[in-house]
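Work through the exercises below with the model open beside you. Each task is followed by a stepwise solution.

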Amino acid sequence: MFTTGAVASLAGTVAYGVLAEGTMGTIGLVSATVALATLAGIVIFTRDANVFADEPDTFDGAAANAARPGASMWPFALGLAVTTMTLGLVTYPAIFILGAILFVAGIAEWILQAWSERASADASHNAEVRSRLAYTAEMPVAAAIGLGIVIYSFSRVMLGVPSKTSTIVAFSIVATIVLILGAIVGAKRSITAPKITALFAVSGVVLIGGGAVSGLNGERHIHEHETTAYIAAKDECGAEKTYADKHASQTVAGKAGNAEVRLTAAGTLVHRKPGDETDRSSALQLPRSNANNLLFRNDSDEERRLVIDLAPDYEGSPPRICTTLVDPGGVQLITVNFAVPSFAPEITDIGGYRFYVPGVSSAELEVVVP
Amino acid sequence: MAIIERPTDTPAVVSPDAAPAVATPATSYGVFRRPVETTGWKSWLFTIDHKKLGIMYGVVAMAFFVIGGIEALLIRLQLAGPDGTVLSADAYNQMFTMHATTMVFLFVMPMAAAFANYMVPLQIGARDVAFPRINAFGFWTFLFGGLFLNTSWILGGAADGGWFMYAPNSSVAFSPTNGVDFWALGLQITGIASLTGAINLIVTVINMRAPGMSLMKVPIFTWMIMVVQFLLLFAIPVITVALFLLMFQRSFDATFFSVEAGADPLLWQHLFWIFGHPEVYIIVLPAFGIVSEVLPVFSKKPLFGYPLVVFSGAAIGFVGWGVWAHHMFASGLGPISVAVFSVATMAIAIPTGVKIINWVMTMWGGKLKFTVPMLYAVGVIVQFTIGGLSGVTHSVAPSDTQQTDTYYIVAHFHYVIFGGAVLGLFSGLYYWWPKMFGKMLNERMGRWNFWLTIIGMNLTFGPMHVLGLQGQPRRMYRWTENRAGEGFFNIGFWNLIASIGSFVLALGVLMFFVNIYVSHRKGTQKAPLDPWDARSLEWITTSPPKEHNFDRTPTVGHLDEFFHRKYEDRGEGDHHDYHQVATAEEIVAEEEAKGDSHIHLPSPSYWPILLSLALPIMAYGVIYNIWLIAGGAALALLSMYGWGMEPHTAPDDDYDPPAAGTELEVAAHG
Amino acid sequence: MSSRTNHDRTISDGSHDAHTLDRVSAVNPRRRRRIPGIAAAIGAAIALSACATDAPQDTWQPVGENAQKIHDLQWPVFLTAGIVGVLVFGLLAVTVLRFRDKGQAMPEQTHGKPVIEYLFIAIPAVILAAIAIPTVGVVMALADTDDTECVINVTGQQWWWEYDYEVEDDGTICGFAPTAAEAAPIVTSGQLVIPADTKVLLRGTSRDVIHSYWIPRLNGKRDMVPGRVHYLRLSSETPGIYAGQCTEFCGLSHANMRMETIVLEPDHFQQWLDNELEPYTSPEEGTLAAAGEATFITQCSRCHQVNGLVDDRGTDDPDDDTLVVSYPDQFVYSGAAPNLTNLMGRNTFAGATFDLLTDECRADVWEADPEVFGERYLAGVTEDCLNEIELREWLRNSPAKKPMYADAEMLTETDGKTRGMPYLALSEDQIDELIAYLLERK
């Protein structure tokens, strides 16, 4: 009755909502639908529809009635959840959220248990009914949480190790231990389940403990990798110290770019283009309105950067653009887009486009944009 | 209706000392029943029978073949004369993109999947594939993916970047409609279908072969299908990654292909062709398998060099991974890469050539009977050889820089794909039609079908060699008199011939459908059990096969098991004298008499189709509204839940009439 | 001329020539030796499909050095493929005819002899190895850039090509020193002009999507990829106009992205160079062209650069004159439009899609003998020869003539910027003026 009503009222609501284009009446109908659906849910849940309450014999004799409730941990879990939530309210929001999750999970499990216990008079069947419904949800969630904890703890440990090199060493050692233990377990067939459980428990405690300690200690300092666009936006083209990802310039695309601009040991700028393997100090000609990829190679003994002034007044064009500070012998990619040609008045006013290196006055390279 | 019902078969009144009621799982899961229909539309919608799924794959693939064919005809109409006006530039670009996408992903691949689904379990003596529900899921996913892809036509325009969808032309700025989104998501969905199918068939072939069937006794078609499934297993993830990058590029403003943010557009090309080249073999190897089945049957000889054909198939599968950059000879890879890939490409011609020679040598010394399937198989040898030889001309990288992206390439791969794969598939259709439907396709109509198709394809694709060498690039929505030249080789003349040819070809394909009608009219005779004097296991059962395929799981002693059950060599020494010792009818009757008493088959299921349905809903969500993704995900989750929860089989009394002693009982759970 | 002699030696088989000799076009007056024999006959049959008369993009009529290298490599491969094909089909035909079911006994049930199989693996392996070795050699030879004599940058854009000529260290352009003016970078579009007998290196990239530069008679194609620079060697001894087309699908109007490479004798190239570097001269006051200049400044110059054009409207004071610098980034997605300084010096427009010359005048130039080609090309477009119909249609409504992303709906994704030239709503008078003005741009 309720189920039919719920379906009918849903259909009615949709039809009315579409025809009347969502007036107040729809809200009423939606409310009715929700109410009926809830009632229907309760009816289905309690199996009320299966047993006729006005037939006492049948009702009393129903298999569900013969079941005895088993032990349950959920009342305790709910109590714990409420306590945690209260605690969370006065301390940290995170604890409250934890409590709330526990609360929802506890209620769901409680409901499921109570319901499955009344499925039949056969306890083993009831247990199977419960697991069949619950495992499909519990197992993925439990696996996700478990894996999450492992990954998170491990990442905390790795990020807490003081240097990048030592992480590699640490990782190798851990991996070796895991491999050796695995080999031992695999080779010794007689090893018992409790021993393996103990092994896992110990490693779990070590991992989570290590993660907690490292997490509280905080991560080691890691430089942010700055891009040329970022530096240009902040206009840090002077002597400021900036850091870049050195590998970013080693891509094939970077090497297939428009030219390589090199700061020589003598303090001059030369360029070299693909298909022409000679260094030239004459003007570098680059197309306009094009993302020109250039490599800057620093062959001097100091950390240096390459800078070029652009037309300031044009949309989307920063006043100047530069590479990060490049180590001696290092390479960095720079992408330059010229909005106007070299002969535009505002460019001739600044003496034309030119690459220069702050701190090396002799390093200048004219750029011609036709 | 409760979610989980109280057991109905327990006593109504439980006395304290009575034993507790025992519930059976089959009766306990109210909602989670399994459908039981064996006839009517529901029996198709919820089926997990590999044969029904195979037929549905075939029907849907044929429908897409017609769609792709119409797209091709429109292209040829547009190019029949200079400055064509049949299609706008935009429509033309959509047309050739969707023609290729449809033909590759929605026709040839699923058509091969149709045969694989139907024939592989039969050829290895199994009752179904290893994962029947996943099999059903694969089919519906393919269908919904294909439909999703094609709805783009009515939702603002289809993809217009070419089937290779090179970045950055696929970015939103260069392709502002939702077409490319539909393309990327649609292929993502059909990719899931291919992947699940691949896993399923690999497990099936490895685990479910009949007793006695060692790997070197596996029929060659099944072998080729297994190679293809391995190719799919490794190739599909690559395109999946690429499509994800593209989806994020377009829908979520990622910069994987944004050059101004430092991207290298060649990344897409590498990803695409690492998938795309194995894809060529994915397309063509099933047809090779079919041809290798058909030729021995009509030559009355086993396949020449069976081990070599198997190994060359596997070799193609391996070497096929090392040649992808030959699609990129003009991309500016640098001379070293180009030289390496050029030589690798030549190397792959060797195992391919081996197949051709093995086919010819199979026929050599045989007793050839030119039925329609045989005609198609010989057609494959001829047409594919032409495609293979033109392929060798552009394995020569410098020569390829003149030919790539011209009609010469179009000619080449149509000879390979149409001449190799499609003709092969048609050979399979004619060959296995009596097995699948119990009726022979009309031979006379079949000959019309064959010759019109062959003439049509050569008229269409032959002139394209000329067009390409005359410098007509591909993917141009119009060509102009200015660049056409004069004399015998002028572009105008050969374009017109190609366009005329395409209609002849269409007529040829139409003949196939006419043939189906003619052959299934009322009054046509039922096909004999063994119309071709065939050699392999799928013929040791009724036509069409029963739901459980074989009454008794066959035991295999030879590669051509069926042949050896029918014939005996009574010759001595080098002299051979073959005598028929049994007819197909006798063999099948014997199998029936000794049928297994317990045959367990799973019941149909609601969930595969529902789970597949969730995918296009999520895909629409990516394009239109993020909340739709949540809706689709909810449906997916629900379906997975249902999938996990449903009982193994439907209870007896769900059947109408209840299953008891009928054939159905044997079929359903015995 | 050493390379050409070399070429004549390497073409030892006349198979190709036997067929083409009578139809070698005016721009390709190459003499080849004719070797009779069976190979030639088969070769001619194979080559039949490939050597037509006059299709300007015929890949089997090489003119340039690199195209010749490719051709010398490819025709033996085609020949080999043809022979293999004939053998396979012959074998198949014999099989089909001989082993037809004539009631013979059931054949022996055998999988064949391993020896035959190995032989059939060995034969193709040997053939392919024989092809592979020269292939690798030619790949390396084509990539050679050591002796470059002239560098030209080429930039692809939807749907046209831009060229800029680099000024070398010694102040020359492609080894030519301008007679009057100082050397400065030259920017042109559509038609690439190169000197004959010069090894030109194109350094190409793209502003938006991937394009491919292909002049079949001079070299194979090379993709021009945004963010990367790829190079391609072009050279030819024979003056003429060599047609090409973008061959990497590049979006809506891919079919309308063409180009030509013009090869000029050194004298003529010098002339062309001087003309390109000539300072800008305004049209005479009061003429239609002068009105056109004003219209150009208001309607066109935001995207199209005309070098040296000065805006002196509304003032008599020369100090107030401002140099007109185009800034297409605001209007065009890829940020550039063709430089029109010497538009009428070229003879095609809009991505070399349409002719600036009428059909007869076009034929005069395109089919000219190499000796007279240079003069005719340098004459540019005169009033009599102007293909006014198409130029007018173009100015009236360019997106209708060449599909481009010009309608508002298509533009939301590119922040309202067009790709290609938008509809400008010019009046007929304005079009008259512009044509008069543009006719003087040469």
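A contact means heavy atoms within 4.5 Å. The model is predicted, so local features need pLDDT of at least 70 and side-chain atom pairs count only at pLDDT 80 or more, while totals for chains, interfaces and linings use all residues. Residues are numbered from 1 along each chain as its sequence is written, chains are lettered from A and ligands numbered from 1 in the order written, and side-chain values use heavy atoms, without hydrogens and water.

**Exercise 1. Profile chain A and chain C.**

Task: State the secondary structure, burial, contact range and accessible area of chain A, then of chain C.

Solution.
- Step 1: Take the elements as DSSP runs, numbered from the N terminus: helices are H or I with at least four residues, strands are E with at least two. Chain A has twelve helices and ten strands. Chain C has 13 helices and 14 strands.
- Step 2: Apply the burial classes: buried is under 20% relative accessible area, exposed is over 50%, partly exposed is in between (1.4 Å probe, protein chains only). In chain A, 35% of the 370 residues are buried. In chain C, 59% of the 442 residues are buried.
- Step 3: Take contacts with a separation of 6 or more. Residues 24 or more positions apart supply 62% of them in chain A. For chain C the share is 70%.
- Step 4: Compute areas by Shrake-Rupley with a 1.4 Å probe; for residues, only the protein chains shown count as cover. Chain A exposes about 20,700 Å², with 69% from carbon and sulfur atoms. Chain C exposes about 17,200 Å², with 55% from carbon and sulfur.

**Exercise 2. Trace the salt bridges.**

Task: Which parts of the model do Glu109(A), Glu166(C) and Glu592(B) link to their partners?

Solution.
- Step 1: Set the rule: a side-chain nitrogen of Lys or Arg within 4 Å of a carboxyl oxygen of Asp or Glu. The count over all chains is 43.
- Step 2: Glu109(A) pairs with Arg130(A) at 2.8 Å, N to O. This pair joins helix 6 (residues 93-117) to helix 7 (residues 123-160) of chain A, 21 residues apart. Both residues are buried.
- Step 3: Glu166(C) meets Lys273(A) at 2.3 Å, N to O. The pair crosses between chains: Glu166(C) sits in the loop between strand 2 and strand 3 of chain C, Lys273(A) in strand 2 (residues 269-273) of chain A. Both are buried.
- Step 4: Glu592(B) bonds with Lys546(B), closest N and O atoms 2.7 Å apart. Glu592(B) is in helix 17 and Lys546(B) in the loop between helix 15 and helix 16 of chain B, so the pair ties parts 46 residues apart in sequence. Glu592(B) has 38% relative accessibility and so counts as partly exposed.
- Step 5: Shared partners join Arg262(A), Arg272(A), Glu277(A), Asp279(A) and Asp299(A) into one salt-bridge network.

**Exercise 3. Place Thr155(C).**

Task: Is Thr155(C) buried or exposed, and which residues does Thr155(C) touch?

Solution.
- Step 1: Locate Thr155(C) in strand 1 (residues 150-157) of chain C.
- Step 2: Its relative accessibility is 0%, so Thr155(C) is buried.
- Step 3: Leave out residues up to four places away in sequence. The residues touched include Pro287(A), Trp160(C), Trp161(C), Thr205(C) and Arg207(C).
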